[in-house]
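User: I'd like a close look at the salt bridges in this one. Pick the pairs apart for me, then tell me what else is worth seeing around them.

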Amino acid sequence: METALAKTSEKRQVAFLALLLLVWGSGCETIRYSIPEETESGHFVANLAKDLGLRVGELATRSARIHYKGNKQLLQLDVKTGSLLLYEKLDREVLCGATEPCLMHFQLLLGNPVQIFQADLHLTDINDHSPEFPEREMLLKIPESAQPGTVFPLKAAQDLDIGSNTVQNYTISPNLNFHVVTQHRGDGRKYPELVLDKALDREEQAELSLTLTALDGGAPPSSGTSTVRIEVVDINDNAPEFLQSLYEVQVPENSPMDSLVVTVSARDLDAGTHGSVAYALFQVDGVSQPFVIDETTGEIHLRRLLDFEATPYYNMEISATDGGGLSGKCTVAIQVLDVNDNAPELTISSFMNTIPENSPETVVSVFSVFDSDSGDNGKMMCSIPNDLPFLLKSTFENFYTLVTERPLDRESTAEYNITITVSDLGTPRLQTQHTITLQVSDVNDNAPEFTQSSYTLWVRENNSPALHIGSISATDRDSGSNAQLTYSLLPGPQPDPDAAAALVSINADSGQLFALRALDYEALQAFEVRVRAADRGSPPLSSQALVRVQVLDANDNSPFVLYPLQNASAPCTELLPRAAEPGYLVSKVVAVDRDSGQNAWLSFQLLKATEPGLFSVWPHNGEVRTARLLSERDAPKHRLLLLVKDNGEPPRSASVTLHVLLVDGFSQPYLPLPDAPAPERAQPDRLTAYLVIALAAVSSLFLLSLLLFVAVRLCRRSRARSLAGCALPDGPLPAHLLDVSGTGTLAHSYQYEVCLQGGAGTNEFKFLKPILPNILPQDSGEETGNHPLF
C-alpha cells in the first residue's frame, strides 16, 4: 500500500515534505491513500501524524477525530501513535459500484486551534467476482435461410469488478455451425456475438444447445456460463430495423410514475407475422431499471420514481423482434435531470452543551453541511437568529464553527436554544433546521439582596425561650452553591454590641429569628441587630440588613398602692366628722402600675363597705367621698374595701382596706381600731420596702413614747378611782400632743382624754368624753356632762 502522492521512496519524501507544508499552511490540500478492497479490518493504512508533520501525542492533545460523509465509519485513528487503521472490510462494488476511481472522502478535525485536513482513500479492485449472465439460458430463433457469416447478438455477462478484472473474452462450446466473436463497446465493455459458420438445415437439426462461457482478466481468471438454445425456424430474410440506433432523452427526476419517457420505433420489410415487430428491453446495465416498454407500441414508461442522487443516467438496449425471429436493436441513453428535492443535511462534529458566563469568543460547536443535489440546488448558506449573542464562522469547505460574540450573562438568560438554519439556493429553496440547547453555567458575580433594607419585628414580653419572632429573607440571582445563603448575626448598633447575641439567634439556613430568653418590656423596650447574608460562592459575597425588635408590653404587673400604705404595722384610719357634707373628701387612694399604655390605666371601685351607700369612690382618681349626710344611726367606725384595677387583658387588680372613724370633732385623741384586719401586702421593690420599714419603725417609737407618757400621767391621777372609769384630768392635755389644728380636713378642734382599761386582754383604747376648753374652771373637781362617742 502507498499514498497517492508517492511514486518512489525518495520522491515520496520530497513530495510529502511539500505536501506537509501546504497542509500546515492552508489546510486545503488532499492526502490520498490507496488500499485494495476486502482488506482485513485493523490493517495499517498510514501514519497520519507523520504524513501531516504533527508531533507524537499532538493528535490526542488536539482532540483529533475522523469525519466521514454520511457518518459511516471506515477508518479508525490511534491518536497516541497517529496510525490510521482500517475499521472494517471494504467492498468496492458496494461502496462505488462501477465508478472508477473509487474514492472515500474523509476529513481530519483538530481542535485548539480548529484545523481541518482533507484526505481520500482509494479502493483498488481485486478479482472477487465472477462473470454472471443475466439469464441461465438464452433462446435464439434462427431461420434456416440464414447465410454463413450472419451475426447474432448475445447477452453480455455482468462482472462487478472493473478494469482487467471484468469480462475480457467469450467462448462457446465446440460445434460445427457457430463461433463466438468478442466485440467492444464504446465505453470499453465487451459483449459476445454468435457468428454462423455453416448454414442451418431445420430438417436435419431443428434445435441446437451451446454453452457460452465468459472469462475475466483476473489471475487466476474467473468464468461464468449460460446455455444458448437455438431454434431453427422457417425463412425470414428481413430483420427489423430501428429508425435511430441511439435515442438520447432527458428526464426530470421528479417525473411521476407511468409517465412517458420516449417512444422507439422499428420496421420490418417482411409481411405477415414476419413483419410484425415486438419490442423488449434487451440489455440493461447492472442496475435495476425503473423503466418498462410496451412491446406493441415501443413506448417506454416509468415504473418507479427516479433519483438523480442515486443514478444520474441510464443506458438501455431495446430489441425489436419480428414474427420470424429476426431482431434488431438500438440504444436508449436516459439522462436524469436534477431537481431540488433534497434538503441540506447538517452533521454536528463537536458540541459544548455548557459554557460558563463571562466567557468571550468561545467555540460552542463545530458542524458540517451537505446537500446531495447538484449545481445551485447543492449550494448552501447557514444562518442563526440575529438576536442571539453568537456568530457563525466558515472554516473549511462546508465546515462551520459557532462561537460566542460577547460574554454571556446567566442571570439574564440561563439557556439558549440556538436554531441553525441551512438552506440551499435551488428553486424552491429547501432548508434544514437543527436546534441545540446551550446551558450557561453560573459564576458568583451577584451579592445577596435583602427584600428590605431594614426589618421591624414585634414580640410580646414574657415570651417563651426559643420563640420564633420573625423571619428575614434575601435572594441571590446566582444559582447552585453561589445562591445558597447563610445567615448570621453581626454586632448591633446598641452600646453593648454583644447584647444581641444573648437576646436573639438566627437560623443560618432559613433566616428565622428566635428569642433566646424571655424579654421584659419594663427593662428593655427595643433593640437592634445587624444580620448578614453570605452566599457559598468562591469568593463568597455578602450583604447586611438592620433588624429592629420592638418589645410589646403585656399586662404582667398588678397595680401597686402607694397610699394608704398596706405594709404598715397599724392600719391606716381616716377621721370623718359627722357634720361632713355630701361629697366630703375622706381620703384618696394613690396607686401606680409599672406597665404602659392601657395596661397602666387604673380604675377604682368600692367593693365592700360597712354601710353601703355612705361612701363612694371616684373611678378615675381614687378619691373617697361621702355620698350623703351622716346620721346618728351610722356606725362610728367603717371598713372600706377598695379595688384598684388596670385596663389590661386580662385585667390585674389590687385591693386596699381603708378604715374610717366618725368623730364629732377633731379634739378627741385617735388610736387605731383594734379589729382592723391587716391589709394585703403589696410587693414593692426593695427601696420602697426599706423606706416603709424605716417609717414604720420611727412611727412605732413615737407612738410608744406617747402611749407611755399618757399612761403614766393617767395612772398617777386616777389611783383612787375605779379601774372601770376615768376621771377628768386636772387640766387639758398638752396641746402639742392631742390638739389637732383646724387646718386639717375636719373643721373643729377637740381634746380627748384617754385611759387604758385595766384588765382588758387587748391594747384597746377607749375614747371618752370631750373636754371643752375655757368652759370649766381648772380647779373645779366637778365632772362635766358625760358625752360618750359611742
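Analyst: Let's start with Arg410 and Glu411, whose side chains meet in a salt bridge with an N to O distance of 3.4 Å. Both Arg410 and Glu411 are buried. Keep in mind that this is a predicted model, so the distances here are those of the prediction. The general idea is simple: side chains of opposite charge can pair when their charged atoms come close. With a cut-off of 4 Å between the side-chain nitrogen and the carboxyl oxygen, the count comes to 18 salt bridges.

Next up is Glu528 with Arg548, a salt bridge at 3.1 Å, N to O. This one ties together distant parts of the chain, with Glu528 sitting in strand β39 (residues 526–535) and Arg548 in strand β40 (residues 542–552), 20 residues apart. How buried or exposed is each end? Glu528 has 22% relative accessibility, so it counts as partly exposed. Arg548 has a relative accessible area of 31%, so Arg548 is partly exposed as well.

Then there's Arg578 and Asp664, where the closest N and O atoms are 3.6 Å apart. Here the link again runs between distant parts of the chain, and the two residues are 86 residues apart. Both ends are in loops: Arg578 in the one between β42 (573–577) and β43 (585–588), Asp664 in the one between β49 (653–663) and α6 (686–717). Arg578 is buried because its relative accessible area is 15%, while Asp664, at 39%, is partly exposed. Elsewhere, Glu137, Glu207, Arg229 and Glu231 are joined into one network by salt bridges that share partners.

Now for the sheet side of things. Strands of a sheet pair through backbone hydrogen bonds, either parallel or antiparallel. One open sheet has 4 strands in the order β25-β31-β30-β27, and its pairing is mixed. The edges are β25 (354–356) and β27 (380–383), each of which pairs on one side only. On average, neighbouring strands of this sheet are turned by 30° against each other, direction ignored. If you zoom in on the β27 edge, you'll find an antiparallel pairing with strand β30 (residues 415–424) over 4 bridges. As one example, Met380 has Asp424 of β30 as its bridge partner.

For an uncharged spot, try Ser319 in strand β22 (residues 313–322). Its relative accessibility is 8%, so Ser319 counts as buried. What does Ser319 touch, once its neighbours within four places in sequence are set aside? The contacts are Phe242, Ala278, Tyr279, Ala280, Phe282, Gly328 and Lys329.

Last stop, the surface. Leu562, Tyr563, Val590 and Val592 make a nonpolar surface patch of about 290 Å². Two strands stand out as contributors: β41 (560–563) and β44 (590–592) each supply at least two residues of that patch. Tyr563 belongs to strand β41. With a relative accessible area of 33%, Tyr563 is partly exposed, and that value clears the cut-off for patch membership, which is over 30%.

Definitions and conventions:
Residues numbered from 1 in each chain as written. Predicted model: local features only at pLDDT ≥ 70, side-chain atom pairs only at ≥ 80, totals over all residues. Heavy atoms only, no water. Patch = residues over 30% accessible without salt bridge, like charges linked within 9 Å, V, L, I, M, F, W, Y side chains within 5 Å. Areas by Shrake-Rupley, 256 points an atom, 1.4 Å probe, with all protein chains shown as cover. Buried < 20%, exposed > 50% of the residue type's maximum accessible area, 1.4 Å probe, protein only. Contact = heavy atoms within 4.5 Å. Pairing = 2+ DSSP bridges. Axes fitted to C-alpha atoms, helices over the stretch in contact; angles between N-to-C directions.
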